[in-house]
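Here is a short tour for the bench, starting with a pair of helices and moving on to a bound ligand. Please keep the structure open while you read.

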Amino acid sequence: MKKYLITGCAGFIGSNFVYYMLNKYEDILLVNLDKLTYAGNLENLKDVEGDKRHVFVQGDICDRALVTGLFEKYDFDYVINFAAESHVDRSISNPEIFVETNVLGTVNLLQCAKNAWLADGKWAEGKKYLQVSTDEVYGSLGEDGYFMETTPLCPHSPYSSSKASADMFVMAFHDTYGMPVNITRCSNNYGPYQFPEKLIPLMINNVKHHKQLPVYGDGMNVRDWLYVEDHCKAIDMVANGGRDGEVYNVGGHNERPNIFIVKTIIAQLHERLQDDGIDEGLIKYVADRLGHDRRYGIDPTKIKNELGWYPETTFEVGIVKTIDWYLAHEEWMANVTSGNYQKYYEEMYKNRL
Ligand code: NAD
Ligand code: DAU
């Protein structure tokens, strides 16, 4: 049986990964270490309650004693590190926690894995550390070209700087100690369980409640959207087939300007809810994000050619599935947008709207 330490898997991508892996593998153990920050939510894992193949542990990836104890107890084959502070806007107002979790937390996991897996100068067989990274480490593209694995790192935001720094530590552990590692760098994900600070769920929630839709700048920044399950599939493939020490970019060539995404959500919800209060008049162009990257676009040739990965869900299908999920999970949305979310929204948008 393969044993995985997966971190941050009460969040958006991680909870989807838990479902993906438990659906795919009978004989598996997933130990899910998550601090349950504002972005982590046990409701996301409700459907695996009682499944013995999934063990949830509340805790911080920075906690050396806790992580060491987990290695001693479970003798992991894999570490897959999803845990992070993940929101660019929050990193602009509060960068320190991004350094703590994304950089120091990663280094702590690397140290614990090294302590457990390296003995007498030899790495134990069949082990791997996989860092879930982001295309944002490459910086911003102009109108042409794509991010390749060889594109130099050029992060702009405190978030992407912390992720790039973590990536460098992962490669340093590979180059210095010979640790078996991979890094995946994926483009923007969307799908179920995404916290409504991110563009798509925020817009779905606001449209539904006839609230203004804050579009940063001219709305023409471009993101390369991937349905979350396709990202989970890529992570599984890299964990189980990626060449040691390699980086794999993950993306499905689905670039869209932000305003296109917002208008698609308006049109979909207008039709679905038969609500005439939902129209493009809700759009409000607001002050731009500081240091806002203009365009992301992934070249996924390497993961396609080496591992046979391809995205299964087109944007047209994925966005409808996503909207359907949010409409069917009103209680989930109501719970995550109560309390602290209101304060966050007020703070983040008060000078914009
Ligand atoms: P998220 O914010 O939804 O979830 C992050 C999870 O990490 C939460 O459950 C949170 O409780 C947990 N966490 C935070 N700090 C922790 C700590 N110190 N110790 C343990 N757990 C902690 O994030 P997400 O969107 O699911 O992203 C997951 C990973 O994927 C991140 O590393 C992110 O950088 C990367 N990524 C995200 C995207 C995207 O579009 N969302 C794209 C590419 C890569
Ligand atoms: O590219 C991968 C990255 O994608 C991940 O590494 C990050 O964790 C994830 O948060 C995401 O970063 P972005 O900054 O691209 O995602 P966000 O949803 O915050 O914003 C998407 C675009 O929409 C971006 O150009 C900013 C814009 N935007 C966002 C919000 C929240 C708006 O115009 N208005 C908004 O209210």
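Are α6 and α8 parallel, perpendicular or oblique to each other? Bear in mind that this is a predicted model. Helix α6 covers residues 199–208 and helix α8 covers residues 258–273; the two pack at an angle of about 40 degrees. Angles under 35 degrees would count as roughly parallel, and 65 to 115 as roughly perpendicular. The helices α6 and α8 are therefore oblique to each other. Their axes lie 10 Å apart, and α6 passes α8 in a right-handed crossing.

Now to the ligand. Around ligand 2 there are 23 residues, and the closest are T134, D135, Y159, R289 and H292. Sorted by class, this shell holds 9 nonpolar, 8 polar and 6 charged residues. Which strand gives the most to the shell around ligand 2? That is strand β10, residues 213–216, with 3 residues.

Some side chains place a polar atom beside an oxygen atom of ligand 2, and the table lists the distances for T134, N258 and R289.

| Side chain | Partner | Distance |
|---|---|---|
| T134 | oxygen atom of ligand 2 | 2.7 Å |
| N258 | oxygen atom of ligand 2 | 2.8 Å |
| R289 | oxygen atom of ligand 2 | 2.6 Å |

How much of the accessible area of ligand 2 does the protein cover? On its own, ligand 2 has 690 Å² of accessible area, and the protein covers 94% of that.

Key:
Residues are numbered from 1 along each chain as its sequence is written. Chains are lettered from A and ligands numbered from 1 in the order in which they are written. This is a predicted model: local features need pLDDT of at least 70, side-chain atom pairs count only at pLDDT 80 or more; totals for chains, interfaces and linings use all residues. Side-chain values use heavy atoms; hydrogens and water are left out. A residue is near a molecule or strand if one of its heavy atoms lies within 4 Å of it. A polar contact is a pair of N or O atoms within 3.5 Å; within protein, one must be able to donate a hydrogen and the other to accept it, and residues adjacent in sequence count only if both atoms are side-chain atoms. Accessible areas come from the Shrake-Rupley method with a 1.4 Å probe; for residues, only the protein chains shown count as cover. Helices (H or I, at least four residues) and strands (E, at least two) are DSSP runs, numbered from the N terminus. Ala, Val, Leu, Ile, Met, Phe, Trp, Tyr, Cys and Pro count as nonpolar, Asp, Glu, Lys and Arg as charged, and the others, Gly among them, as polar. Axes are lines fitted to C-alpha atoms, for helices over the stretch in contact, and angles run from 0 to 180 degrees between N-to-C directions. Angles under 35 degrees count as roughly parallel, over 145 as roughly antiparallel, 65 to 115 as roughly perpendicular and the rest as oblique. A crossing is left-handed if the near helix is turned anticlockwise from the far one by less than a right angle, and right-handed if clockwise.
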